[in-house]
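Please read this report with the model open beside it. It moves from single residues to elements, and then to the contact between chains.

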Amino acid sequence: MSISNSELKHILKETEFPFCARIALGRVEEMCTTQNIGRTSGAKHVDISMEIISEFVFCEVDRRGSRKRRLNCIQELQLLEVLCDFFTSSVIGGEAVRNMVFMSLFPPTHSDRSRLLIKLVSMASSTKNVPVLTATGMWMQKLGCTSKYSLDLAQGLVKDYFVLIPKAVSGLQDLPQLAPQFTANFLTAVAEMYGVVEKRHIFSPPPDTLLEVITQWVSDNPTLCLAALMVNLQLALPLGGVPMAAITPFAGLFKWCILAPLHYVSQTSTSDIPTSDCNSSESPLYSRLHLALLESLLECYAPSPGLHCADASATENISAQHIAAIIEPIVRWLKDRTRMENESARIRGELALHMALDRLAQVIQVALVTHSVYGNIQELFSQLEMLPENRLLQIVINTHRNL
Amino acid sequence: MGPVIGDSNGISDEEYLVLRAKDALKSDPYAAKAWMITAKTLFPNNFAVQFEAYHIEKAAKNVKEAAKCFSAIFQKFQDEGEMWQEVQALTTSLRSDTEEPDAVFLRDMFSHIPLDVQHQLLLMTAEHSEDTMEHCRLLLLLLRRFPQTVAQHGPRLVDTLMTAEKHSHYQNSVNCFRKLLVCDLLPLLGSNSVELPAKQLFRLLHKSIEFYLCYLMSPSKAIQDLPELESKIEDPWKNLFVIQEAMGRKLGWELSAMFGHSWNKDLYWQKIMQFHQTRALLGDDHPSHKQLLYCITTFFLHCLHEYVSTLDSGGGEVPLVLVEAFCGESDAVGGSVSAGTSGEPKLKRRKTEMADDSSSLTPLLTVARPGNMVVVHNFLMAVRCWDLLHSSDSLERDFTKLSQHLKLDSWLNGFLIDATLYKGRFDEALNKIGNLAALDTGVNAALRKYLRLASTLYCQGLFARSLEHILQVVTSLPSSSILTSSAHHLTNVLLQPSQSNRHLHFLPLTRPQVLQYCVRLLVAALKHQCLPKLRPDNDLAIGHIITLLQFDWPLEEELMTHLMERIRQVGSFSYSLFQNYIVNVDVLEEFMYLSTEQGGCITLDIMPSAQLTSQRRISTRGADKGVKEDFKLAMKRQVARSLEPLDNLIIKFLTSERDLLLQSLQ
C-alpha cells in the first residue's frame, strides 16, 4: 500500500467528480485484493472501503458525514460510465475481487442504491457489458434470486428496460450466451415476481414483450435454466463467501404456463367480453415456453458433449415444494369457479382446467423421469390428490407412486 | 380437445396419449410435442408411442428431431413391421436421387443419424433383404459410406456376387451382378488395404477384363437386368486400369503401377519394354512372367479396342479399311510390282505419314485425314504388343489361353488380317480374310472384304483375280447420295514417295475414295503389266490407263504426259473404247494436238469405223477433208460429254469392259 488512507482521502477531496470515483474504486479494489488473499483482517478494511464508496463514489455524504444532495442526471450518467469502465478493465484480482467490489458497492444494507443498480444493469445489458452482468448474476445468487433485493432489481429492469426498448427480442437475443448465469438468475427472479398471487387473481401475467423474450431465450438455449448450477461458485466468490442455494427458473416458469389458462378463462368470464380481446386470451407463447422448458429438462438429463454437470445432484434442479406450490392456486381457482353459472363459461372453464392439469402432469412426469426433482416427493403426490380427476395426471401418479 | 376428453375411456393409456398428441397437432404443434415428450417418457418401451413421436417430427419436417427418434426406435424395435417399412423407404431413398419431398427428407434425416446407427442400419437392411441384388446394393451402400467396413464385408460380397452371377445363368458377362462386382465393388476393394488370396485376385482381374471387353463390344451398351440409367459406364478403360493397378498392387506387381498414371501410349510401351528387358533372363517360372502377361494384355486390348473402334467408325468418323497403297519413288510395289513412274517430285513428308522408325523395310502407313493419325499409332502399338506376346513360347501359350477364355477371337480377326498384310504375309492374310467372311456381317463387311482381297491379290501380283474383287467392290459401293455428301476432295495420298518399299493406307469407305483406290490399283496393275514391255497390244492397256486417269484428274497428269510421249514414240494409237469413255477436255486436247503436224501427225484409230462416212481410218495425214472434219466433229461430241459424272462413267467402264481389262492384265 503506497499511501495511507488519510493521504488518500486528502487526494480524493482535491479531485473532482467523477475522477475521484475512479480513483476510489481503484483503492477499494486494492483493499479487496489484500483481503481476498487473507493478508489483512476484514472488519477495519470493510469500514474504510464503505466510507470511501459512500463519500467518493456515490457522493452520498460530505466529509463530516452529513447528507449531500443527490447526484444530478449528468453526474449519474458519468458515474455509470465510470463503473462500467472499471468492471471492464479491472483484472488484477480476477473474478472474485470483482465480485467483492460489486458487493461492497451494492450491499443489502444500502437499498437506496438499488435505483442506480437498475440503471447500471440496464446499461450493461444494452452495451453487452459482460463483466457487469456476470457480477450482477453473482450478486443475485449471493443474496438469493427470489430475495427482495433480486426481485426489486428484476422488477426495475423489466419496468425501465425490457418493456421500453423496441425490438427487445432481437436486441437481447444473445444475452443468455453472454451472461448465462445472470440471465438464469434474472429468469428465476422474474418468474417469482409474476408468480406472486394477488387477491382475486391466481397469477399476474408478465408483459407480452417479456414473455416473448423469455420464450425465445429458453427455446434457443436449452441449458439456460441450468446456468445457475453450472458455475463453480466457490471460485467466483470471495474467500469464505457462502452462496445461497441455487434456484433454477424451472418451477417459476412452469407455474406461469400451468396457471395461464386458468387466469385467462377467469378474465373472460368475469369481464363478460368474449375472447376477441387479445389481452383476455392465453398467448400461444405459453405453450411454446412450456415445451421449451420440458426440452430443457430432457437436455439436462442427457447432456450433450462439452456440457458437464458437476455431479449427479446437479440434475436436481426443481424442489418438490416449488411444484406443490402450483397446486394451491389451482385449488383456489376451483373454489372461486362455483360462481360461474353460465353454461358456455362452465365448459370453457372445464377445458382450461384440464389444460392446466395436463401441463402440470407433463411437468411432473418429465421432471421425475429426468431425476430433476428433489425434496419430499411423497408430500407432492399427496397434494396432487386434492386436484380434480384428470386422465394424464392419473397415469403419471400411477406410474410413479409404485416406484 | 373436447371430444378426446369425452370419448377416450375405452382406449389404453398409450393410445390415449398418442391420440392427444395427434389431436393437438392440428391446432398447436408445441402442445403436440409436449404430449409426445410425456408419452415417450411414460412408455419408453412402447413402439406405437415412439413411432408416433417420430411421425410427428417427420410431419413437422424437423430433420434433427426425427433423426433422433428414428435412431432410438431403430435400436429398440427392429422387429416391428412398420419400422421396417420406414427403414426400407429410407434405404431406397439413399440409393436414388429423386427429388420427391419424402425421399429428400429421409436422405437429409439419414445424415443426422449417428454414424454407428447408420452403419448398423445399412447392414441390418442388407441382411434382411431377400432379393440378392437388393442385398448387394445395400452392402455396397454401406461400404461406400463406411470404407472402414470394406475389409469386413468386402470379400464376402465378392463371393455373393460371383455366386449370384453363376446361378443366374446369364449369356454373357455384361449382367447386373458382374457390373456391381467390377464397377462398384472392386474399386472399393482396390482402394482398401484388404487382403485377398492370389487366386481370387487373378479371377477378379479376369472377370474385370472380360466384363469391360464385352461391354465395349456390345453395340447397345445395355447391361442385363439393370435400368438404362445405371448401365452407362463413363470411362471403361480408366476403370479397368484402376482395377489392374489395384489388383496388381495386391499381387505385388511392380509393372501394374503404370496403370495408375494417365500417360500416353509411348510411355506405357517404354515401361513395358524396360520391364521386359530386365526380366528377360529370369525365365518363365518367375512370378514376373504373369504380371508381364496381364499388363501387356490389358495395354494391348486398350490399343486394340481404340484401333478397332476407329476402323468401325466409332466417334462419327468414316469407317476405314487398311489396304495396300502405292509408292511413287521406289521401283517395286509389294515386292513384285514395279511402277514405271520415275521422277515423282520428292514431296516433303506430310503429317499424315508415319513410318516405323526402326528401318526402311517397314511399310509406310498413311491416313486420309490428319485427324485419323491416331489409328496408325494404335495399330502399331497393338502390333508391337502382339509380337511381344508371341516372343516366347510360354507367353504365347498363356496368352492363347487367356484370349480363349476372354473370347477375343471376334475382335482379333480384323486386326490380325491387317497385321499379316502389314507384315507382308499375303497367303496368310488371304486365309484369314476367307475365314472372316462367315463371321463378319457388318454394313461395310462386304466392301471391306473385297477391298482386302483385291489389295492382297494385287500385292501377290495376281492382277486378274484382283480385278474380280475390284468389280465386286464396285457393285457394293455405297450409293452416291449418302457418302458423296461429305464432298471429299480427292488427294494423291494413295501414292507416296517412300524410302521403304511398301505403303499401306487406311482407306475411308466413301464412294469417291474407294473408287479412287480401285482406279489407282488398276492403273498400277496395268502399268506394271504393260509399260515395261513393248507389245503391239499395249495400246489397249494405255487406253485403259488414260480412261482411268480421268477419274482423279489431274492428280496423275505426269503419268498422262509419259503415256502421250510413248504414243508419240510409237507413232500410232488405237483404242476402240475411246469414244465411249474419254471425255476429259485436257485429254481430248492432247489427242487433238497429236493429230496436228506440230504434234507429230500421229495416226489415231480411236473412232469406231462404222461412224466414219468414208469407211476409212481417221488419219491426220489424209488429204481427205471429210475425214478430218469427221474427226473434229467426233472430238467435239466428246468434249460435249465432259460434264458427265465421272464416277458413273468409270463404274460403267469397269463393269462393261471386264473382258478387255482382263485381256490387258493377263
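## A buried serine and its surroundings

A:Ser150 counts as buried, because its relative accessibility is 0%. Here buried means under 20% relative accessible area, exposed means over 50%, and partly exposed is in between (1.4 Å probe, protein chains only). A:Ser150 lies in helix 8 (residues 148-162) of chain A. Helices (H or I, at least four residues) and strands (E, at least two) are DSSP runs, numbered from the N terminus. Leaving aside neighbours within four places in sequence, A:Ser150 is in contact with A:Met140, A:Gly144, A:Cys145 and A:Ala189. Contact means heavy atoms within 4.5 Å.

This is a predicted model, in which local features need pLDDT of at least 70 and side-chain atom pairs count only at pLDDT 80 or more, while totals for chains, interfaces and linings use all residues. Residues are numbered from 1 along each chain as its sequence is written, chains are lettered from A and ligands numbered from 1 in the order in which they are written, and side-chain values use heavy atoms, with hydrogens and water left out.

A:Met140 also appears in the next set of contacts. A:Phe182 touches A:Val121, A:Leu133, A:Thr136, A:Gly137, A:Met140, A:Leu157 and A:Leu175, not counting residues up to four places away in sequence. A:Phe182 sits in helix 11 (residues 180-195) of chain A. This residue, A:Phe182, counts as buried because its relative accessibility is 1%. Between A:Phe182 and A:Val132 there are 9.6 Å in space, C-alpha to C-alpha, and the two are 50 residues apart in sequence.

Now chain A as a whole. Its secondary structure comes to 20 helices and two strands. Chain A has 403 residues, and buried ones make up 52% of them. Take the contacts in chain A between residues at least 6 apart in sequence: 77% join residues at least 24 apart.

## Backbone exceptions

Most residues other than glycine have a negative phi, and most peptide bonds are trans. The table lists residues that depart from this.

| Residue | Backbone value | Place |
|---|---|---|
| A:His371 | phi near 55° | loop between helix 18 (343-369) and strand 2 (373-374) of chain A |
| B:Lys61 | phi near 60° | loop between helix 4 and helix 5 (63-76) of chain B |
| B:Pro554 | omega near 5°, cis bond from B:Trp553 | loop between helix 25 (538-549) and helix 26 (557-570) of chain B |

A:His371 is partly exposed, with a relative accessible area of 48%.

Another loop residue is B:Asn45, between helix 3 (29-42) and helix 4 (47-59) of chain B. B:Asn45 counts as exposed, because its relative accessibility is 61%. Not counting residues up to four places away in sequence, B:Asn45 touches B:Lys76 and B:Phe77. The C-alpha atoms of B:Asn45 and B:Lys76 are separated by 8.1 Å, with their positions 31 residues apart along the chain.

## Two crossing helices in chain B

Helix 6 (residues 81-95) of chain B packs against helix 7 (residues 101-112) of chain B at an angle of about 90°, and their axes are 8 Å apart. Helix 6 of chain B is therefore roughly perpendicular to helix 7 of chain B. Axes are lines fitted to C-alpha atoms, for helices over the stretch in contact, and angles run from 0 to 180 degrees between N-to-C directions. Under 35 degrees counts as roughly parallel, over 145 as roughly antiparallel, 65 to 115 as roughly perpendicular and the rest as oblique.

Helix 6 of chain B brings B:Glu86, B:Ala89, B:Leu90, B:Ser93 and B:Leu94 to the contact. Helix 7 of chain B brings B:Ala103, B:Leu106, B:Arg107, B:Met109 and B:Phe110. Seven of these residues are nonpolar, one is polar and two are charged. Ala, Val, Leu, Ile, Met, Phe, Trp, Tyr, Cys and Pro count as nonpolar, Asp, Glu, Lys and Arg as charged, and the others, Gly among them, as polar.

## An enclosed strand

Strand 1 (residues 320-324) of chain B is largely enclosed by the rest of the structure, because five of its five residues are buried. B:Leu320, B:Leu322 and B:Glu324 are buried on one side, and B:Val321 and B:Val323 on the other. Strand 1 of chain B pairs with strand 8 (residues 503-508) of chain B in the antiparallel sense, over five bridges. Two strands pair if DSSP finds at least two bridges between them. B:Leu320 stands opposite B:Pro508 in strand 8 of chain B.

## Where the chains meet

Chain B and chain A bury about 1800 Å² between them, 69% of it on carbon and sulfur atoms. Buried area is the accessible area (1.4 Å probe) that two parts lose on being put together, summed over both. In chain B, B:Tyr30, B:Ile37 and B:Leu42 lose the most area to chain A, together 31% of what that side buries. The contact takes 22 residues from chain B and 20 residues from chain A.
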